[in-house]
Amino acid sequence: MYINAHGIVQAESRELHIFLNRLSLVTVLIPLVVLSLFSSSPFIRYWRRPEWNEYIYFPFIWSGFHQTKIKFFLTIAVTVNILICTPFVILNGWSFIQEVWLLTIIFSLTNAVLEELIWRGALLSRFSEQLGEKWAVIITSLGFGLQHYSLGFPWLACLAFSVGGLFYGGLTIKSKSIVPSIVWHVILNVLMVLSGFILK
């Protein structure tokens, strides 16, 4: 927050400000890497190939009325996000897409990868070692929502981010990999930028 308040204020455009804000997440990763080195535990426990055929339950990840394989759950989740965002993308028009396509790619990759490395990577790894997987998912999801509040999002949006964080965390735990949550997060970020939810 200090870097965002004092180091990024001079950014010439709103787009550059947003990108530098997200890039500043690297400063959160540095102490997490150092902590990992001193504790002799892996920085990210979930940095491996996903187990796509593992099952996730809906709506409570470990239990619920429906179970499906990770690969199908991710496909369904991405499809729902596309269906929700498409009308807003269409309303913005082709000229908006042409104007922001490069920023969309850069922002989406930077934001999704760094946020996932922090929340579903380092922090989920540390909390699951200390508190167990379920509490780790809950705590990192709440933190994920509160982080977005500090960025100026309204409480209702932050609640949605926390719920999304539950499923990102659940995907990570169940697939034993951070890859599915990164994929979903990148796609959702692309849709959010093209929908105008980030830049407007």
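Residues are classed as buried under 20% relative accessible area, as exposed over 50% and as partly exposed in between, with a 1.4 Å probe and protein chains only as cover. By this criterion phenylalanine 144 is buried, with a relative accessible area of 2%. The structure is a predicted model, in which local features need pLDDT of at least 70 and side-chain atom pairs count only at pLDDT 80 or more, whereas totals for chains, interfaces and linings use all residues. Residues are numbered from 1 along each chain as its sequence is written, and side-chain values use heavy atoms, with hydrogens and water left out.

Aromatic pairing was examined next. Rings of Phe, Tyr and Trp (the six-membered ring in the case of Trp) pair if their centres lie within 6.5 Å; planes under 30 degrees apart count as stacked, over 60 as edge-to-face and the rest as tilted. The structure holds 11 aromatic pairs. In one of them, phenylalanine 144 packs edge-to-face with phenylalanine 161, at 6.2 Å centre to centre and 90° between the planes. Because phenylalanine 144 belongs to helix α5 (residues 133-150) and phenylalanine 161 to helix α6 (residues 155-175), this pair ties together parts that are 17 residues apart in sequence; helices here are DSSP runs (H or I) of at least four residues and strands are runs (E) of at least two, numbered from the N terminus. Both phenylalanine 144 and phenylalanine 161 are buried. Phenylalanine 144 also pairs with tyrosine 168: the ring centres are 6.2 Å apart and the planes stand at 70°, so this pair is likewise edge-to-face. Tyrosine 168 lies in helix α6, 24 residues from phenylalanine 144 in helix α5, and the pair thus links distant parts of the chain. The relative accessible area of tyrosine 168 is 4%, and this residue is therefore buried. Ring pairs join Phe144, Phe161 and Tyr168 into a cluster whose other members are Phe58, Phe65, Phe73, Trp119, Phe153, Phe167 and Trp184.

Charged side chains were then considered. A salt bridge is defined as a side-chain nitrogen of Lys or Arg within 4 Å of a carboxyl oxygen of Asp or Glu, and the count by this rule comes to 4. Glutamate 115 bridges to arginine 22, with the closest N and O atoms 2.6 Å apart. This pair links distant parts of the chain, glutamate 115 being in helix α4 and arginine 22 in helix α2 (residues 14-23), 93 residues apart. Glutamate 115 is buried at a relative accessible area of 1%, and arginine 22 counts as buried at 5%. A salt bridge within helix α4 joins glutamate 116 and arginine 120 (2.8 Å, N to O). These two residues are 4 residues apart, about one turn of the helix, and both are buried. Glutamate 129 and arginine 126 also meet in a salt bridge, at 3.0 Å from N to O; they are 3 residues apart in helix α4 and therefore separated by about one helical turn. Within this pair, glutamate 129 is partly exposed, with a relative accessible area of 35%, whereas arginine 126 counts as buried at 13%.

Further positions were examined for their surroundings. Leucine 103 lies in helix α4 and is buried, with a relative accessible area of 18%. Contacts (heavy atoms within 4.5 Å) connect leucine 103 with Glu15, Ser108 and Leu199, residues up to four places away in sequence not being counted. Threonine 68 lies in strand β2 (residues 64-69) and is buried at a relative accessible area of 11%. Beyond its neighbours within four places in sequence, threonine 68 is in contact with Glu54, Tyr55, Ile56 and Phe73.

A search of the whole structure for disulfides (pairs of cysteine sulfur atoms within 2.5 Å) finds 0. Cysteine 85 is in no disulfide, the nearest cysteine sulfur, that of cysteine 158, being 17 Å away; this distance is too far for a bond. Cysteine 85 is buried, with a relative accessible area of 5%, and cysteine 158 counts as buried at 3%.

On the surface, Phe72, Ile76, Val80, Ile84, Phe88, Leu91 and Phe197 make a nonpolar patch of about 700 Å². Patches are made of residues with over 30% relative accessible area and no salt bridge, like charges being joined within 9 Å and nonpolar side chains (Val, Leu, Ile, Met, Phe, Trp, Tyr) within 5 Å; accessible areas come from the Shrake-Rupley method with a 1.4 Å probe, and for residues only the protein chains shown count as cover. Phenylalanine 72 lies in helix α4 (residues 70-131) and is partly exposed, with a relative accessible area of 45%.
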